[in-house]
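Welcome! Please look over the sequence and structure below, then try the exercises before reading the solutions.

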Amino acid sequence: MLQIENVFLTGMVTNNFRAQSTGAPLNWTATEVGNWFNSSSSPDRNNATYANNSDLQLQDPFNLTAPNFLAAKTTYKLYGWVYVRSGATLTIDPGVIIRGDKTSKSALIIERGGKLIANGTLNEPIVFTSGESAGARGYGDWGGIIVCGNATVNLPGGTGTIEGGVGSVFGGGASPNDDDNSGSIKYLRSEFSGYDFASNNEINGLTMGGVGRGTTIDYVQISYNQDDSYEWFGGTVNAKHLVAFRGKDDDFDTDNGYSGKVQFAVSLRDPAVADVSQSNSFESDNNASGTQVLPETNATFSNVSSFGPNPAANPGYNNLFRRSMHLRRNTQLDIHNSIFLGWPTGLDIDGALTHVNANDNDLKVENCFISGFTAGYAAGNPGAPLNWTATNVQDYFQSATRNNSDTYSIAAVQIVDPFNLTSPNFMPLSSSPVWGKAVWSRTISGKLLYDKPTTDVPVSNSTVLLKNSTGSATVSSATTNATGDYTLYAVDGNYLLDAEVNKPRGGLSVVDVVKVRQHIASQITLDALSLTAGDVDLSGGGLSVSVIDAVTMRRKLSNQNPIQWQIKDFVFLKPSVSISGSGVIQNIIVLSGGDVDKSYTPAVQ
C-alpha cells in the first residue's frame with residue numbers, strides 16, 4: 001500500500017532511516033525501514049543511499065540564487081580490453097570521466113572500420129585516468145587508447161599487429177585508404193596509462209596504427225604515461241594542439257611510413273623520470289630494421305616546443321634522458337619552426353641511410369632553436385657512403401639555408417617559465433628571439449624533360465633553379481635524380497623556374513637547317529621551344545628565326561665556329577610559378593641549342 005521506489009537518499013546528517021511510533025504487529029526499527037527501502041527483491045524498489053551529496057553528482061543543487069539540478073557528467077570504469085569493432089561507433093560525451101582499472105590493465109581499442117567520437121569542449125574535456133584513488137595513481141596504471149585504421153603502412157602486406165599485446169591489426173593492406181576515418185578526438189586528456197605488456201611491447205598514451213587523414217585529432221593531452229605519449233605506426237592522420245606532459249619514454253614517436261602533419265605541440269619532462277630504453281622528445285624510424293622500404297616515414301612536424309630535463313639546472317637528472325631529436329633508421333622526418341630546450345643532446349641523426357637522407361634534404365630540420373644541451377650533436381651508427389660524424393650533423397644543423405639557431409642560452413631564448421612542473425608557462429616574452437622566426441615553405445616539384453616529338457625523356461643529374469619573379473636572383477636550387485625529378489622549397493610568392501643541364505650539347509644536323517628554312521618559307525610552323533633552339537644568333541630574342549640562323553648552323557656543322565653562334569648549349573621554356581598556400585607541380589622542358597627537330601637524347605648520368 002505504501003510505495004517509495006526509484007529514489008536516492010544522500011547527505012543525511014545523522015542517519016538515513018528511523019522507525020517512530022513503532023508497535024505491534026511488526027515492531028519495526030530503523031534497520032527494518034532501511035531494509036524495506038533498499039530491498040532489491042520481492043519487490044525490487046530500485047532505491048539507493050549515498051553518504052555524501054557529491055556522490056549524487058548533481059551540478060549545483062544548493063545554489064540559492066541560480067541552482068542547477070541537472071546531473072553532472074558521468075564517470076565510467078573501464079575494465080579489461082574494450083574493443084570497438086568494425087562498423088561500430090563509440091560516442092563519449094563532453095565532460096565524461098573514464099577510469100581505467102589497474103588490475104585488469106584496461107585499454108580502449110578502436111579496430112579498423114570502427115570509430116571513436118570523443119569530442120570534449122574547452123570547458124568540458126573528456127578525461128581518461130587511473131581507477132586508483134587520488135594520490136595513489138601512477139605511471140602505467142592502465143593501458144591507454146589505441147586507434148587502428150586502413151591507411152598506408154610500409155609493413156609487408158600493408159598490415160601489422162599493433163603493439164601492446166591486444167592483437168588488433170592496423171593498415172589497409174594491398175588497397176589502403178589514406179582518407180580513412182576512425183572518428184574524432186578533441187579536447188581529451190589521458191593520464192597514468194602505458195602499462196608494459198612485454199619488453200618493447202607497450203601501450204602508448206595515444207597509439208595510432210594506419211590511421212587515415214579523415215580522422216580528427218585536436219586538443220589532446222597525454223600526461224604521466226609509462227611509454228611514449230604519442231606514437232604513429234604509418235598512416236596519414238594529421239593532428240594539432242598536442243600536449244605531452246611528464247611522460248616517461250618518448251614524446252612523439254613515428255614509424256612505418258607515417259606521413260601526416262602535426263602542428264602546435266608542446267612537451268615537458270620531469271627531470272627525475274626517464275625510461276630504461278632511453279628517453280627522447282622525438283624518435284623516428286622508417287621501420288624497425290631501418291631499411292628503404294616504401295613509403296618512407298616522411299611526416300611533417302611544425303611549431304613544436306619541447307622542454308627536457310634541463311641538465312644545467314638539475315645536475316642530478318635521470319641519466320636515461322638522451323636527445324631532443326633522435327632521427328634514425330632511414331627516416332625522412334621533417335621538423336620546422338620548433339624549439340628544443342634543456343636536452344642532453346640536441347640532434348642525433350643516426351645511421352648511414354639517415355645521413356644520406358639529411359644530406360639530400362629528404363630529412364629536414366629547419367627554422368629551429370636548440371639550447372641548453374650538454375652535447376649538441378651526434379651521428380650514431382655512421383657508415384658508407386658519407387661516414388658522418390657529429391661535426392657533419394652540426395654542419396647540417398648550422399647551415400645558413402636551414403635558418404636554425406644553437407647560439408642562445410636557455411635564458412636568452414626568453415620563454416616565461418617552461419620548466420615549472422606544476423604551473424608551466426610556455427609563452428615567449430615579447431623580446432624573445434623566437435618571434436618572427438617561423439618560415440612556411442611550400443614544395444615546387446616536377447621533372448626536367450628533354451623535348452621529343454613523341455615522348456619526352458628525363459634529364460638527370462642537372463640543376464633546377466628557382467628564381468625571383470624577375471629572374472634576377474636565385475632563391476634555391478635542386479638536382480634532378482635519375483628520372484629527372486626535382487623538389488624545391490619556397491615561401492608563398494611569384495617565381496621563375498630555370499635550369500642548367502650538366503651534359504654535353506648535341507642534336508645539330510642538316511635537318512635542323514632545313515626546318516629553319518622551311519619555317520621561314522611558311523612551309524612548316526615550329527613550336528615555341530624549337531624557335532628558341534633555332535635562334536642561334538639570338539637576334540630574334542628566342543621568338544623567331546632568320547636566314548642568318550640557318551647559315552650560322554651550316555657553318556657550325558662545318559666546324560667554322562661562326563661568331564654569330566651565340567646560343568647556350570641548352571635552352572628552356574622558363575615557366576613562372578605562383579605559390580599560395582599549397583605546393584606546385586611544374587615540369588621544365590629543355591632543348592639543346594640548334595636541335596630544332598628534337599633528335600638529341602641526353603645520356604643518363
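**Exercise 1: an open sheet**

Work out the strand order of the open sheet of 4 strands, and find its edge strands.

*Solution.* Step one: the order is S38-S37-S40-S42, and the pairing is antiparallel. Here strands are DSSP runs (E, at least two residues), numbered from the N terminus, and two of them pair if DSSP finds at least two bridges between them. Step two: S38 (474-479) and S42 (576-579) each pair on one side only, which makes them the edge strands. Step three: strand S37 (residues 463-468) is joined to S38 by 5 bridges, and Lys467 has Thr474 in S38 as its bridge partner.

A word on the source: this is a predicted model, in which local features need pLDDT of at least 70, side-chain atom pairs count only at pLDDT 80 or more, and totals for chains, interfaces and linings use all residues. Residues are numbered from 1 along each chain as its sequence is written, and side-chain values use heavy atoms, with hydrogens and water left out.

**Exercise 2: a helix with two sides**

Which residues of helix H1 (residues 30-37) are buried (under 20% relative accessible area, 1.4 Å probe, protein chains only)?

*Solution.* Step one: they are Val33, Gly34, Trp36 and Phe37. Step two: seen down the axis of H1, these buried residues fall within an arc of 160° (taken from the directions from the helix axis to the C-beta atoms), so they line one face. Step three: Thr31 and Asn35, both exposed (over 50%), sit on the face turned away from the buried side.

**Exercise 3: an enclosed strand**

How many residues of strand S23 (residues 261-268) are buried?

*Solution.* 6 of the 8 are buried, so S23 is largely enclosed by the rest of the structure.
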